[in-house]
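Please walk me through this structure, beginning with its overall division and ending with the finer points of its backbone.

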Amino acid sequence: MRGDSMDKIRLAIVGCGGMGHRHMYGLAELHRVGWTRFDLVGACDPVLANAESLAAQAEERFGQKPAVVGSLEELAEVGVDAVDVTTTPPYHHTVAVETLERGWHTMVEKPMGLTVRACNLIRRAADASDAILSVAENYRRDPMNRLAKALLNAEVIGTPRFLIHHAIGGTNRMTISVWRHQKDQSGVLLDVGVHFADMMEYLLGEIDTVYAQTRLHEPIRHNPAAVTGESSSNPAGVYTKWQRKMPAEFEATAEDAAYATLTFKNGVVGQYIEEHAAWGQGSWLRQIHGSQGSMTLPGDRSGGIITLNINGQETINDERLLDLVPDFRLDAVTADLFGGDRLWNYTFTQGDAKNIAIEYGEFAEAIAGNRTVEVDAYQGTRSVAVSYAILESGATGQIVQMDQMLDESINTYQREIDEGLGI
Ligand SMILES: NC(=O)c1ccc[n+]([C@@H]2O[C@H](COP(=O)([O-])OP(=O)(O)OC[C@H]3O[C@@H](n4cnc5c(N)ncnc54)[C@H](O)[C@@H]3O)[C@@H](O)[C@H]2O)c1
């Protein structure tokens with residue numbers, strides 16, 4: 001049901017920086033294709049200029065301006081049923097625990113919390129609340145990743161044996177913002193790595209152990225937008241105005257490279273490189289080898305095409321992919337957004353907004369009682385724990401068991417961050 005004949009869900013966006021704006025564009029995209037359960041009534045940010053910017057742009061898209069507020073108390077006066085938490089990561093747990101205690105349905109951006117302990121605080125608050133907690137993890141929702149998962153489930157490459165996951169680039173440029181290079185605010189191995197952690201577990205099931213080497217290769221990062229006005233790292237083109245005010249160069253405290261071996265509970269072994277400080281040739285590879293063939297996945301949100309190499313057959317990287325999964329169907333919201341329920345590629349420039357719109361669509365349907373959320377507190381915590389397992393292993397030289405990450409018995413690397421948070 002698309003929402004016209006039901007009470008609207010009064011929604012506020014909490015955290016009105018780059019992703020807050022992108023979420024609002026995603027909500028507008030969802031409304032554009034007819035899914036209109038949400039009513040955006042609040043824009044909340046202690047930096048009121050950011051909340052005002054979001055509210056003004058929302059008015060252009062929805063014809064009504066959400067209230068501009070600086071705190072959750074003021075939001076309570078506005079009256080909300082649900083919030084979308086897009087603050088910087090150190091505030092995810094403070095905001096989400098309070099909103100869940102207030103009984104507000106809560107969608108929280110990745111990383112679910114700044115540390116595993118912060119995630120566990122949110123998990124406990126979610127368990128104690130009647131409100132829904134959803135983690136806004138967008139990469140798995142990309143229709144190409146849905147197709148990859150269906151092909152794996154159909155065992156077109158046989159039984160998965162190993163994964164190569166390489167994301168290599170970065171130089172000494174700032175990745176979007178200063179905070180993404182600070183250990184106490186979510187370094188880049190968490191900021192980006194948590195997406196990859198979710199994707200790996202989505203495709204191949206739970207990770208069991210992690211061994212990693214980590215490095216901080218580029219302790220001084222450079223922000224070209226402060227010098228030339230032109231940004232070099234600017235998803236959806238929304239960050240320029242903030243980047244121009246950030247320092248031209250600054251010290252990085254968070255590791256920027258990880259080289260890891262992962263084992264999965266089903267016996268799959270993963271070789272993982274996440275490099276944000278590489279010079280020269282950059283590269284991207286997400287490739288799964290199984291007992292009968294291999295699957296090479298395109299970059300997330302690119303609309304690129306999956307390539308299958310199955311023993312004894314020619315390469316498949318076109319619409320014949322769909323022949324292998326006759327029952328594959330995208331969910332109704334995704335199908336409306338992307339214009340079909342069986343896609344093998346797409347060329348939209350609006351991919352970012354559409355992927356965020358899927359998250360909102362699911363959140364609304366879950367609030368309406370029509371489904372459960374896909375990325376819940378457990379999976380959100382696991383993904384953060386995988387990213388920190390890499391950092392914990394890098395700090396100690398030990399093989400790290402995921403169980404010990406989740407129960408917080410391993411926290412050599414995270415202790416200082418938790419102390420800074422006061423948790
Ligand atoms: N899924 C994705 O693809 C994706 C992409 C970018 C960012 N993100 C996530 O979105 C979140 C925000 O990232 P961003 O790039 O927008 O950062 P940002 O720095 O651009 O914006 C953060 C905003 O949060 C506000 N804020 C801080 N504390 C707050 C509080 N207690 N209450 C309300 N607002 C508060 C800040 O004033 C700022 O306006 C992060 O968790 C980040 O990891 C996800």
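How far apart do the C-alpha centres of domain 1 and domain 2 lie? In this predicted model, the C-alpha centres of the two domains lie 25 Å apart, where the domain assignment gives domain 1 as residues 9-138 and domain 2 as residues 140-346. The contact between these domains takes 22 residues from domain 1 and 23 residues from domain 2.

The ligand can be placed with respect to this division. Because domain 1 (9-138) and domain 2 (140-346) both give residues to the shell around the ligand, the ligand lies between them. That shell holds 29 residues, and the closest to the ligand are Met19, Asp45, Asn50, Lys110 and Tyr239. Sorted by class, the shell has 12 nonpolar residues, alongside 10 polar and 7 charged ones.

Several polar atoms of the protein can be followed individually to the ligand. At glycine 18, a backbone N or O atom lies 3.0 Å from an oxygen atom of the ligand, whereas glutamate 109 places a polar side-chain atom 3.2 Å from a ligand nitrogen atom. Asparagine 138 also approaches through its side chain, an N or O atom of which is 3.1 Å from a nitrogen atom of the ligand. As for the extent of cover, the ligand taken alone exposes 850 Å², and the protein buries 88% of that. The elements that give two or more residues to the shell are the helices α1 (18-32) and α4 (92-101), and α1 provides the largest share, 3 residues.

The backbone next to this region deserves a separate look. Lysine 110, which is among the residues closest to the ligand, is joined to proline 111 by a cis peptide bond, with omega at about -20°. Proline 111 itself lies in the loop between β5 (105-109) and α5 (116-128). Another backbone feature is found at arginine 301, a residue other than glycine whose phi is nevertheless positive, near 65°; arginine 301 belongs to the loop between β14 (293-297) and β15 (307-310).

Helix packing can be examined in one pair. Helix α6 (residues 143-153) and helix α8 (residues 193-204) pack at an angle of about 35°, and their axes are 9 Å apart. On the α6 side the contact is made by Asn145, Arg146, Ala148, Lys149 and Leu152, while α8 brings Met199, Tyr202 and Leu203. Grouped by class, this contact of α6 with α8 has 5 nonpolar residues, 1 polar residue and 2 charged residues.

Definitions and conventions. Residues are numbered from 1 along each chain as its sequence is written. This is a predicted model: local features need pLDDT of at least 70, side-chain atom pairs count only at pLDDT 80 or more; totals for chains, interfaces and linings use all residues. Side-chain values use heavy atoms; hydrogens and water are left out. A residue is near a molecule or strand if one of its heavy atoms lies within 4 Å of it. A polar contact is a pair of N or O atoms within 3.5 Å; within protein, one must be able to donate a hydrogen and the other to accept it, and residues adjacent in sequence count only if both atoms are side-chain atoms. Accessible areas come from the Shrake-Rupley method with a 1.4 Å probe; for residues, only the protein chains shown count as cover. Helices (H or I, at least four residues) and strands (E, at least two) are DSSP runs, numbered from the N terminus. Ala, Val, Leu, Ile, Met, Phe, Trp, Tyr, Cys and Pro count as nonpolar, Asp, Glu, Lys and Arg as charged, and the others, Gly among them, as polar. Domain bounds come from an automatic or database domain assignment. Axes are lines fitted to C-alpha atoms, for helices over the stretch in contact, and angles run from 0 to 180 degrees between N-to-C directions. Contact means heavy atoms within 4.5 Å.
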